[in-house]
Amino acid sequence: MVAATTVPYLLMVECLDHLEQSDPTNGLVLKLVDRAYQSIVGVFVLIALGHVREAEILARSVYESAATTAYIIQEQPPTRISQFFLSYINGEREQNRKWGNDLSSIQDESREDHESRIAGKNEAMDRYEQFVRGYMEHCDVPIEKTSRWPPLIERLEAMGRRVEYRTVYAAMCSQSHHDAEDVLNFFIANSLVGADHIAERIEREADTFSIFMVLFGLHWFVETIQAAGTMFGFPTVTKEAQESLARILEELEFVAPHLDKGGFPEAWVVPD
């Protein structure tokens, strides 16, 4: 899976000399793709170290980043990038407002420092917005089209993938938020006297499921590479990404029958 994920990305990098340099949107899309790729490197390192559940947590970032980038590429990239930026700026301003409202709960001697930091952050957001407005003017993005950046579930719906939010993404969030599921399974399994095999099976099921989720994140990333290849007019990248998607999908189908059996695909087992 390392090659299936890395090869189309590196091929895209090799093609960059042929990319239109005058359009800042191209560079922004590349940055979004690169950010997701850096997280994928972390996923592979964690798996190599035996931390597959931690790799699943990072794969959620890959999933979100890749889905966001694919949504931006799908239609009117300059407009959607502007929505993306302005949503961040407005969100930070709202957090700053709430931060200021909560200062009544702390001692007076600490309040001045907080107020100074809030003011500094608000000034930074003003500069950010000014810069984004310049980008919008350069790309002829109407301000009325940037009032709202849709939440992830709506971005997935726009790409025909809404159900994934309730299935794949919800499962990834469970591990990322360290909710009660793993601890509850541990509690139940280890409360059964003379049934150590059940606890071991639950551990194996959790590891196999984490790898399954990682593969979903990788699949989304390569889909995004494919979309970027189409956007940039790199047919070799698009073709390579299509072949990689087929390999990742094959691995997903290979793993799926083992999710509820407490085991791994036979090919994964290292002989004694």
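Helices and strands are taken here as DSSP runs, of at least four residues for a helix and at least two for a strand, numbered from the N terminus. On this basis the protein chain of the predicted model reads α-α-α-α-α-α-α-α-α-α along the sequence, with 10 helices and 0 strands. Taken along the principal axes, the C-alpha atoms occupy a box of roughly 65 × 60 × 30 Å. Of the 272 residues in the chain, 41% are buried. Among contacts with a separation of 6 or more, 75% are accounted for by residues 24 or more positions apart.

Two successive helices, α3 and α4, were examined for length and burial. Helix α3, formed by residues 52-74, contains 23 residues and reaches 32 Å from its first C-alpha to its last, close to the 33 Å expected at 1.5 Å a residue. Because 17 of its 23 residues are buried, α3 is largely enclosed by the rest of the structure. Helix α4, formed by residues 77-101, has 25 residues that should span 36 Å at 1.5 Å a residue, and its end C-alpha atoms are 36 Å apart, in agreement with that expectation. The buried positions of α4 are Pro-77, Thr-79, Arg-80, Ile-81, Ser-82, Gln-83, Leu-86, Ile-89, Glu-92 and Asn-96. These buried residues pack against α2 (24-48), α3, α5 (108-138) and α9.

Positive phi values in residues other than glycine occur in two loops, as described next for Gln-76 and Asp-140. Gln-76 lies in the loop between α3 and α4, just after α3, and takes a positive phi of about 45°. With a relative accessible area of 40%, Gln-76 is partly exposed. Asp-140 is placed in the loop between α5 and α6, where its phi is near 55°. Its relative accessibility of 66% is over the 50% cut-off, and Asp-140 therefore counts as exposed.

The loop holding Asp-140 leads to helix α6, which comprises residues 152-158 and includes Leu-152. Leu-152 has a relative accessible area of 9%, under the 20% limit, and is therefore buried. Leaving aside residues up to four places away in sequence, Leu-152 touches Glu-64, Ala-67, Tyr-165 and Tyr-169. The C-alpha atoms of Leu-152 and Tyr-169, which are 17 residues apart along the chain, are separated by 9.8 Å.

Helix packing was considered next. Two packed helices are described by the angle between their axes and the distance between the axes. The axes of α9 (residues 196-232) and α10 (residues 235-255) come within 9 Å and cross at roughly 165°. As this angle is over 145 degrees, α9 and α10 are therefore roughly antiparallel to each other. Their crossing is left-handed. On the α9 side the contact is made by Thr-208, Phe-212, Leu-215, Phe-216, Leu-218, His-219, Val-222, Glu-223, Ile-225, Gln-226, Gly-229 and Thr-230, and on the α10 side by Val-237, Thr-238, Ala-241, Gln-242, Ser-244, Leu-245, Ile-248, Leu-249, Glu-251, Leu-252 and Val-255. By class, these residues comprise 13 nonpolar, 8 polar and 2 charged.

Two residues of this contact illustrate its two sides. His-219, in helix α9, is buried, with a relative accessible area of 17%. When residues up to four places away in sequence are not counted, the contacts of His-219 are with Leu-245, Ile-248, Leu-249 and Leu-252. Thr-238 belongs to helix α10 and, with the same sequence neighbours not counted, touches Gln-226, Gly-229 and Thr-230. A separation of 55 Å is found between the C-alpha atoms of Thr-238 and Ser-105, which lie 133 residues apart along the chain.

Helix α9 also packs with the N-terminal helix α1. The axes of α1 (residues 2-14) and α9 come within 10 Å and cross at roughly 20°. This angle is under 35 degrees, and α1 and α9 are therefore roughly parallel to each other. The crossing of α1 past α9 is left-handed. In this contact Ala-4, Thr-5, Pro-8, Tyr-9 and Met-12 of α1 meet Leu-218, Phe-221, Val-222, Ile-225, Ala-228 and Phe-232 of α9. The contact of α1 with α9 has 10 nonpolar residues, 1 polar residue and no charged residues.

Methods: Residues numbered from 1 in each chain as written. Predicted model: local features only at pLDDT ≥ 70, side-chain atom pairs only at ≥ 80, totals over all residues. Heavy atoms only, no water. Expected span 1.5 Å × (residues − 1). Buried < 20%, exposed > 50% of the residue type's maximum accessible area, 1.4 Å probe, protein only. Axes fitted to C-alpha atoms, helices over the stretch in contact; angles between N-to-C directions. Parallel < 35°, antiparallel > 145°, perpendicular 65-115°, else oblique. Left-handed = near helix turned anticlockwise from the far one by under 90°. Contact = heavy atoms within 4.5 Å. Nonpolar A, V, L, I, M, F, W, Y, C, P; charged D, E, K, R; others polar.
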